[in-house]
Amino acid sequence: MLTGNLLWVLIGAILLGVAAGLNGTFAFLQKQSLVGDAAAHAALPGIAIAYLVFQQKDLPILMLGAAITSALAVYMIQWIVGNSKLKADAAIGFVLSVFFGIGIVLLTIVNQSGTGNQSGLNDFIFGKAATMAKSDLVWLSGSALLIILMCLLFFKEWKLMIFDPVFAKGIGLPVERLRVLLTALTVLTIVTGIQAVGVILMAAMLIIPAAAARFWSNHLGIILVTSAFFGALSGALGTIISSLRTGLSTGPIIVLCAASLFLISYFFAPTRGFISKSLKKKAFKQRKVVKEAVNHE
């Protein structure tokens, strides 16, 4: 039997899973998944700075701070790649480490400030979905619905931008603006989910459902639906499993459920899965041996 608060957490986790699955698919196919990881880690100093400035734990204020530093981290990665010889992976690693380190230092300062209102900020590291207030879950659900709506509205434009940017420019689509919009939506997705899943694990919600869905199809529409389903299922299973025993953190359980779905997809997907590919290779080798034997005769 689902209690009132657990039902709200379940709904919020499902909507977050769908939003992360949809937005994560576009980021995954554009090879921007690790940028999302950096943006997630970069949200931590924004949360701490927002608290230090306003001395309040109001969620909109903290999320605004998180959004600003996450967007700044993404901009810094793009600037480093465009103005130095460093490759994207090195720039991402540098920015992620620096911002997360600053966040940990600022959280230490907050925890030692003695203001009496700082308890709970550490929960943003690993998430606290099970203890979120109803008002927080309303905000999360509304933001997740906005992300889902935006992904559906810009489906055709982002599809062209990712798979054929030259053609997209040729027909007059503002490709650079579409990239900026997709990046902004990725930041919003991260900011939406960090209170539930945490800054360390939120990137997994962007990457894992999309990566798992990729094993099941080559068609973007099917991949999006599958990724959204995997995200929703991970959110639902993680919430229910974590509610069965006191002390289990919802965020990590959600990510473990998503990882389990990835492993199932990796091994058992009908055309791109490991078992299917192994059987095809085995059948091909057998046909080759038979053909060589016939030719030899």
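**Exercise 1. Is Glu176 buried, partly exposed or exposed, and what does its side chain meet?**

*Solution.* Welcome to this predicted model; let us start with a single residue.

Step 1. Glu176 has a relative accessibility of 48%. The exposed class begins over 50% and the buried class lies under 20%, so Glu176 counts as partly exposed.

Step 2. Next, look for a partner. The side chain of Glu176 forms a salt bridge with that of Arg179, with an N to O distance of 3.0 Å. The cut-off for such a pair is 4 Å, and by this rule the count comes to 1 salt bridge.

Step 3. Check where the two residues sit. Glu176 and Arg179 are 3 residues apart in helix H9 (residues 175–197), so about one helical turn separates them.

Step 4. Finally, classify the partner. Arg179 has a relative accessible area of 27%, which makes this residue partly exposed.

**Exercise 2. Describe the surroundings of Thr189 and Leu182.**

*Solution.* Both residues can be handled in the same friendly routine: place, accessibility, contacts.

Step 1. Thr189 belongs to helix H9, and Leu182 is placed in H9 as well.

Step 2. Thr189 has a relative accessible area of 1% and is buried. For Leu182 the value is 1%, and this residue is buried too.

Step 3. Take the polar side of Thr189. A polar atom of its side chain lies 2.8 Å from the backbone oxygen of Leu185.

Step 4. Now set aside residues up to four places away in sequence. Thr189 then touches Leu16, Ala19, Ala20, Asn23, Ile147, Met202 and Leu206. With its own neighbours within four places left out, Leu182 is in contact with Asn23, Phe26, Gln30, Trp158 and Met161.

Step 5. One distance rounds off the picture: the C-alpha atoms of Leu182 and Met150 are 9.3 Å apart, while 32 residues separate the pair along the chain.

**Exercise 3. Work out how H9 is oriented against H7 and against H10.**

*Solution.* Treat one helix pair at a time.

Step 1. The axes of helix H7 (residues 155–163) and H9 come within 10 Å, crossing at roughly 110°. Angles of 65 to 115 degrees count as roughly perpendicular, so H7 and H9 are roughly perpendicular to each other.

Step 2. List who meets whom. From H7 come Glu157, Trp158 and Met161; from H9 come Val175, Leu178, Arg179, Leu181, Leu182 and Leu185. Arg179, the salt-bridge partner of Glu176, is thus also one of the H9 residues in this contact.

Step 3. For H9 and helix H10 (residues 202–214), the axes come within 8 Å and the crossing angle is roughly 120°. H9 and H10 are therefore oblique to each other. Thr186, Thr189, Ile190, Gly193, Ile194 and Val197 of H9 make the contact with Met202, Met205 and Leu206 of H10.

**Exercise 4. Summarise the whole chain, including how confident the prediction is.**

*Solution.*

Step 1. Count the elements: the chain has 13 helices and 0 strands.

Step 2. Gauge the extent. The C-alpha trace spans about 90 × 55 × 35 Å along its principal axes.

Step 3. Look at burial and contacts. Of the 297 residues, 46% count as buried. Among contacts between residues at least 6 apart in sequence, 71% join residues at least 24 apart.

Step 4. Read the confidence. The mean pLDDT of the chain is 84, and 92% of the residues score at least 70. Among the elements, helix H5 (residues 123–126) has the lowest mean pLDDT, 69, and helix H11 (residues 220–243) has the highest, 92.

Terms used:
Residues are numbered from 1 along each chain as its sequence is written. This is a predicted model: local features need pLDDT of at least 70, side-chain atom pairs count only at pLDDT 80 or more; totals for chains, interfaces and linings use all residues. Side-chain values use heavy atoms; hydrogens and water are left out. Helices (H or I, at least four residues) and strands (E, at least two) are DSSP runs, numbered from the N terminus. Buried means under 20% relative accessible area, exposed over 50%, partly exposed in between (1.4 Å probe, protein chains only). pLDDT is the predictor's confidence in each residue, from 0 to 100. A polar contact is a pair of N or O atoms within 3.5 Å; within protein, one must be able to donate a hydrogen and the other to accept it, and residues adjacent in sequence count only if both atoms are side-chain atoms. Contact means heavy atoms within 4.5 Å. Axes are lines fitted to C-alpha atoms, for helices over the stretch in contact, and angles run from 0 to 180 degrees between N-to-C directions. Angles under 35 degrees count as roughly parallel, over 145 as roughly antiparallel, 65 to 115 as roughly perpendicular and the rest as oblique.
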